[in-house]
Amino acid sequence: MSRRITWADAACPIARAADVLGEPWTLLILRNATAGTTRFEDFRSQLGIADNVLTTRLAKLVDRGLLTKLPYRDGGRTRHEYRLTRAGSDALPVLHALGTWGHAHTSSEAGPTTLVHTRCGQPTRPGAKCDSCGKPLARGDLAWRGSWLGEDEIPLANPVN
């Protein structure tokens, strides 16, 4: 069995980012958290991921500050939700770039997942201003359209402070 190399202390910021985001399932968990998934059972059913792998990835995302773990009551039991932090929500440009690359360079019957400025209804890229109307972009004014979760627009989850 080989040991995983860590790049957590590397001088290169790409290597440090790969250390956090480069494990299998991590980007898909972040994608779903960005689309509003918060509960373990929902991540598991949406992704088809094994419990032990999901538990490990969620713990690492919490440890690295991309998600936070918040308790909630489910009947008489306390469970936890996993919510995006500012660092997790700041991964949006990475997710967008991967989606754009995946649409251009891999094949699928599905169309692209488009980031939409809901105030004007037009496609945009992550950034300070909408590519279509030029107005400032607030996270609450962004949604994904034509995604893996269906054709409806899915508002982006806001980070927990």
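**Group meeting: a predicted single-chain model**

Let me start with the elements of the chain, which holds six helices and six strands, and I should say at once that we are looking at a predicted model. Read from the N terminus on, the order is α-α-α-α-β-β-α-α-β-β-β-β. The radius of gyration is 17 Å, close to the 15 Å that the globule rule gives for 161 residues, so the chain is as compact as a globular protein of that length. Along the principal axes, the C-alpha atoms fill a box of roughly 50 × 45 × 35 Å.

Turning to packing and surface, buried residues make up 34% of the 161 residues, and, of the contacts with a separation of 6 or more, 45% are between residues 24 or more positions apart. The chain exposes about 9700 Å², with carbon and sulfur atoms supplying 53% of that area. As for charge, there are 21 positive and 16 negative side chains, and the centres of these two sets lie 5 Å apart.

I would like to spend the remaining time on one helix, α2, which covers residues 26-34. How many of the nine residues of this helix are buried? Seven are, and a residue is called buried here when its relative accessible area is under 20%, so helix α2 is largely enclosed by the rest of the structure. The buried residues in α2 are T26, I29, L30, R31, N32, A33 and T34, a list that includes the charged residue type Arg, at R31. Following α2 comes G36, and the phi of this glycine is positive, near 105 degrees.

Conventions. Residues numbered from 1 in each chain as written. Predicted model: local features only at pLDDT ≥ 70, side-chain atom pairs only at ≥ 80, totals over all residues. Heavy atoms only, no water. Helix = DSSP H or I, 4+ residues; strand = E, 2+ residues; numbered from the N terminus. Rg over C-alpha atoms; globule rule 2.2 N^0.38 Å. Buried < 20%, exposed > 50% of the residue type's maximum accessible area, 1.4 Å probe, protein only. Contact = heavy atoms within 4.5 Å. Areas by Shrake-Rupley, 256 points an atom, 1.4 Å probe, with all protein chains shown as cover. Charge placed at Lys NZ, Arg CZ, Asp CG, Glu CD.
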